[in-house]
Amino acid sequence: MNTGLVLVAMRLLGLGWYVAASLLIFIVGGVWLDGVFSTKPILTFIGLGIGMIVAFGGLYRMVKPALVRVRKDEK
Amino acid sequence: MLASLSRPRVFIPLAIALVLFILGFIFLKGPLEIPGLKIEPLFRIANYPVRNTVIQQWLAMAVLLGIGITAARNPDMVPKRLQSLVEIVVEGLLNLCQTAAGRENGRRFFPVVATIFLFVLSANWLGIIPGVGTVGVVIPAEEAIHHAEEEGKHLEDIHLFMMTEGGNIPFGLTYTLEEGGHEHTSYSISGEEYHHSEEHLERQGLTAGHLNGFLRPANTDVNTTAALAIISAIFVEFWGITALGFFTYMGKFFNFKALLKGNIGMGLVDVFVGILEFVGELVRLISFTFRLFGNSFAGEVLILIIMFLVPVIFPVLTYGMELFFGAIQAFIFGMLTLVFAIMAVTAHGGEHGDEHH
């Protein structure tokens, strides 16, 4: 068993969770703040935007080292 | 494949299996009570509610302790069966930790990673022995309805379970809800139906209620998995802080160095990466908790449904699958703890170095 590769793969197990949760956290936050400041739906959309940026930023950061590692192994 | 089917050695067992399978599906439908997410306490110790999942956890700990103590009581240079089994498992885990995290860190992480792995494994495997979830106290229908109504459930949404007055749940239980009405074979009855036909059911020697098992797979309780996730997270943060120092470690999340120097572009990126790390940390807790909980709970429900639909032959396959999934889930939980521990003790630059090439 290639332990290094297994470890890299393990990190990718959390990808789906990460994307779902980061979207959810920021959207729910936006909806809540909209309720507080009664600015419906502006902050919800801002939350969605930030959530997407955080989701894809994190996705990139998690996948990149895995790709680098796989390429290294192929060489 | 098809050619080998025509051989009697293959064909006869297959045909018998198929016949049993169909007969089971028609005549032997097992009881089906889908377990709820909320678990009633069995008893209380000084106001601390003891649920059946907690007892199962104690059982898992007792089994681990028992095996450990028995194996280590008279250690031999040439190990006997139990001792060599334990040695294989422990050495395997230790080697895994050391190859992944290096010799020193590996030995540091090993106790927690191995404990989590072994505990989850034994809890999962103990959850599929016969008697778990099927032997317990019966909560009478009135009490169950009362509890459910207190939670704001409507009468027709309350699911009760048909059983004989002695509290047994036989295979193929049939009953009628009213005089001369058509026969039911379902094991589940709603609170409303029970209210209407309580006396009639009594005349048939039947009653309804809820079964609160003495034992229930430990990981089907979200409290267990959340506790494991929190323990794992606390250790990971602790290792990170002791390895890098408090301020360096926290610098992962709150990185304002470039911003303070006046480099706004890089500074904003650093702050953003800090947010990513922080969200990642939160998500990890959630994913650890619900991955194990979801798998265990789904496994429990799957076994019950298979028992209900095809009680012959098929459950064996399902049990085998559950054994496999139990091991996989334990491995994943342990390995993820190890992976995050390694990431926590790695200095910030290490991973970045990789990314820039």
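**Close-ups of chains A and B in a predicted model**

**View 1. Where chain B meets chain A.** In this predicted model, 19 residues of chain B touch 18 residues of chain A. On the chain B side, H4, H11, H12 and helix H13 (348-356) each bring at least two residues to the contact. H11(B) gives the most, with nine residues. Sort the chain B side by residue type and you get twelve nonpolar, three polar and four charged.

**View 2. Two helices crossing between the chains.** Here we zoom in on helix H1 (residues 3-12) of chain A and helix H12 (residues 314-345) of chain B, whose axes sit 9 Å apart at an angle of about 95°. Angles of 65 to 115 degrees count as roughly perpendicular, and so H1(A) and H12(B) are roughly perpendicular to each other. H1(A) makes the contact with Leu7(A), Met10(A) and Arg11(A), while H12(B) uses Met335(B), Leu336(B) and Val339(B). Five of the residues in this contact are nonpolar, none is polar and one is charged. As a general point, an α-helix has 3.6 residues a turn, so residues three or four places apart point the same way.

**View 3. Helix H2 of chain A and what covers it.** H2(A) runs over residues 15-37, which makes 23 residues. From first C-alpha to last it reaches 33 Å, close to the 33 Å expected at 1.5 Å a residue. Which residues of H2(A) are buried? They are Tyr18(A), Ala21(A), Ser22(A), Phe26(A), Ile27(A) and Gly30(A). Their cover includes a helix from each chain: H3 (42-74) of chain A and H11 (264-309) of chain B.

**View 4. The loop after H2 of chain A.** Right after H2(A) comes Ser38(A), which lies in the loop between H2 and H3 of chain A. Its phi is near 45°, a positive value in a residue other than glycine. Is Ser38(A) buried or exposed? Ser38(A) has 6 other C-beta atoms within 10 Å, so it is exposed. Pro41(A) belongs to the loop between H2 and H3 of chain A too. A cis peptide bond links Lys40(A) to Pro41(A), with omega about -5°.

**View 5. Helix H3 of chain B and its surroundings.** This helix covers residues 52-73, and its end C-alpha atoms are 31 Å apart. That agrees with the 32 Å that its 22 residues should span at 1.5 Å a residue. Buried residues in H3(B) are Asn52(B), Thr53(B), Val54(B), Gln56(B), Gln57(B), Ala60(B) and Ala71(B). Several elements of chain B pack against them, among them strand E2 (48-50), helix H4 (81-101) and helix H8 (222-244). Strand E8 (206-213) and helix H5 (103-126) are also included.

**View 6. Two loop residues of chain B.** Asn47(B) is found in the loop between strand E1 (43-45) and E2 of chain B. Its phi is near 75°, which is positive although the residue is not glycine. With 5 other C-beta atoms within 10 Å, Asn47(B) is exposed. Elsewhere, Thr134(B) sits in the loop between H5 and strand E3 (136-140) of chain B. Thr134(B) has 16 C-beta neighbours inside 10 Å, so it counts as partly exposed. Its C-alpha atom is 20 Å from that of Phe293(B), a residue 159 places away along the chain.

**View 7. The domains of chain B.** The domain assignment splits chain B into domain 1 (43-131 + 219-347) and domain 2 (137-213). The C-alpha centres of domain 1 of chain B and domain 2 of chain B are 40 Å apart.

Methods. Residues are numbered from 1 along each chain as its sequence is written. Chains are lettered from A and ligands numbered from 1 in the order in which they are written. This is a predicted model: local features need pLDDT of at least 70, side-chain atom pairs count only at pLDDT 80 or more; totals for chains, interfaces and linings use all residues. Domain bounds come from an automatic or database domain assignment. Axes are lines fitted to C-alpha atoms, for helices over the stretch in contact, and angles run from 0 to 180 degrees between N-to-C directions. Helices (H or I, at least four residues) and strands (E, at least two) are DSSP runs, numbered from the N terminus. Angles under 35 degrees count as roughly parallel, over 145 as roughly antiparallel, 65 to 115 as roughly perpendicular and the rest as oblique. Two residues are in contact if their C-beta atoms, placed from the backbone, lie within 7 Å. Ala, Val, Leu, Ile, Met, Phe, Trp, Tyr, Cys and Pro count as nonpolar, Asp, Glu, Lys and Arg as charged, and the others, Gly among them, as polar. The expected span of a helix is 1.5 Å times one less than its number of residues. A residue is buried if 20 or more other C-beta atoms lie within 10 Å of its own, exposed if 12 or fewer, and partly exposed in between; C-beta atoms are placed from the backbone.
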